[in-house]
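Grab a pencil and work through these short exercises with the structure open beside you. Try each task before you read its solution.

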Amino acid sequence: MADHQTTHQAQEDARNETIKIWLNGDIVPKHEAKVSVYDSGFMLGDGVWEGLRLYNGTWAFIDEHLDRLFEAAKAIDLDIGMTRDQVFQAVLDTQKANDMETDAHARLMVTRGVKTRPFQHPSLSQQGPTMTIIMEHSKPRIARPIRLATVPHLRGLPMTQDPKLNSHSKLNCILACIAAEKAGADEGLMLDVHGFVNTTNACNFFIVRKGEVWTSTGDYCMNGITRQKVIDLCREDGIPVFERNYSLVDAYGADEAFLTGTFGAQTPVGEIDGRPIGTGEMGPVTTRIRELYKSLIQRNCA
């Protein structure tokens, strides 16, 4: 598709060619930031990560992001080897090294580290974790509402790979994204194991029907921080909001739909499986939620 776009599409910024990256305690130029081919993250996708957003000199909702990072590391029995304060200081040091004040995005990644042999068992990772922070100048640049295509790849049960984990093992979501692109869409809409609408391959998903905001139960999707902020803001503002099971029939008949995530905040959806959603443009409820979220950011990131 000639006008294909992604939900993480950003304006080009030449400064990103000379960014500095935090790697295991050192801040190095982008071209020097390298890890071993024996690293657990490269070899097996064995690690966890967080996406962070900088507004007006403040990292938005940093406590929630650090909570989620350390909870995920504990869940996979990965010792980060640093305290919360030390991790946050590393973020601040990287921000300072890159002279960033706003409109920046960080990807903080921790893997189980370098292995002694190229096999699966975690006991072969004996050198401690690998941690890196990639920080870029980043302003979202979405030219039009997102087009979604429903894909056969599911958000699965917690006993396979818990979808609440921000793990490096993202192949299921990558395959969902590829399937959506093959269908001529920007991103894949994923169902849960019961066939209910769940999330997309990269973002949490909401619909609006007759003034009500619906999203999934949360049982099979990433426990999105922006997702929860939207739910909280709706409740505070008197917008009816429901975490519930709903089907593609409900989604196709929605008046509005939008995605949430740290990068794009709230991104409108104009089409699902070739069916226009509402007018195909951002609707009034999504616009109101965007305004509420911007006000929240201004209060928290003054």
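**Exercise 1.** With which residue does Arg112 form a salt bridge, and how far apart are the closest N and O atoms?

*Solution.* Keep in mind that you are looking at a predicted model.

- Step 1: Look around the side chain of Arg112, and you'll find Asp46 as its salt-bridge partner, with the closest N and O atoms 2.6 Å apart.
- Step 2: Now place the two along the chain. Arg112 sits in the loop between E5 and strand E6 (130-137), while Asp46 sits in the loop between helix H1 (40-44) and E3. The two residues are 66 residues apart, so this pair links distant parts of the chain.
- Step 3: Check the burial. Buried means under 20% relative accessible area. Arg112 comes in at 13%, so it counts as buried. Asp46 has 14%, so it is buried as well.

Here's the general idea behind such pairs: side chains of opposite charge can pair when their charged atoms come close.

**Exercise 2.** Find the salt bridge between Arg84 and Asp67, and work out which parts of the chain it ties together.

*Solution.*

- Step 1: The side chains of Arg84 and Asp67 meet at 2.5 Å, N to O.
- Step 2: Arg84 belongs to helix H3 and Asp67 to helix H2, so the bridge ties together parts that are 17 residues apart in sequence.
- Step 3: Arg84 has 29% relative accessibility, so it counts as partly exposed. Asp67, with 44%, is partly exposed too.
- Step 4: Widen the view a bit, and Asp63 joins in: Asp63, Asp67 and Arg84 are linked in a network of salt bridges.

**Exercise 3.** Describe helix H2, then explain how its buried residues are arranged around the axis.

*Solution.*

- Step 1: H2 covers residues 62-75, which makes 14 residues. From first C-alpha to last, H2 reaches 20 Å, close to the 20 Å expected at 1.5 Å a residue.
- Step 2: List what is buried in H2: Ile62, His65, Leu66, Arg68, Leu69, Ala72 and Ala73.
- Step 3: Look down the axis. The buried residues of H2 fall within an arc of 160°, so they line one face of the helix.
- Step 4: Turn to the face pointing away from that buried side, and you meet the exposed residues Glu71, Lys74 and Ala75.
- Step 5: Ask what the buried residues pack against. Their partners include strand E3 (47-55), helix H3 (84-97) and helix H6 (225-237).
- Step 6: Past the end of H2 comes Asp77, whose phi is positive, near 60°.

**Exercise 4.** Do the same job for helix H8: which residues are buried, and which exposed residues lie on the face turned away from them?

*Solution.*

- Step 1: H8 runs over residues 284-300, 17 residues in all, and reaches 24 Å, close to the 24 Å expected at 1.5 Å a residue.
- Step 2: Its buried residues are Val285, Thr286, Ile289, Leu292, Tyr293, Leu296 and Ile297.
- Step 3: These cover an arc of only 140° around the axis, which puts them on the same side of H8.
- Step 4: On the face turned away, you'll spot exposed Pro284, Lys294 and Gln298.
- Step 5: The buried residues of H8 pack against several elements, among them E3, H6 and strand E13 (256-261).
- Step 6: H8 also holds a salt bridge, in which the side chains of Arg288 and Glu291 meet at 3.6 Å, N to O. Both lie in H8, three residues apart, about one turn of the helix.

Methods:
Residues numbered from 1 in each chain as written. Predicted model: local features only at pLDDT ≥ 70, side-chain atom pairs only at ≥ 80, totals over all residues. Heavy atoms only, no water. Helix = DSSP H or I, 4+ residues; strand = E, 2+ residues; numbered from the N terminus. Expected span 1.5 Å × (residues − 1). Buried < 20%, exposed > 50% of the residue type's maximum accessible area, 1.4 Å probe, protein only. Arc of directions from axis to C-beta. Contact = heavy atoms within 4.5 Å. Salt bridge = Lys/Arg side-chain N within 4 Å of Asp/Glu carboxyl O.
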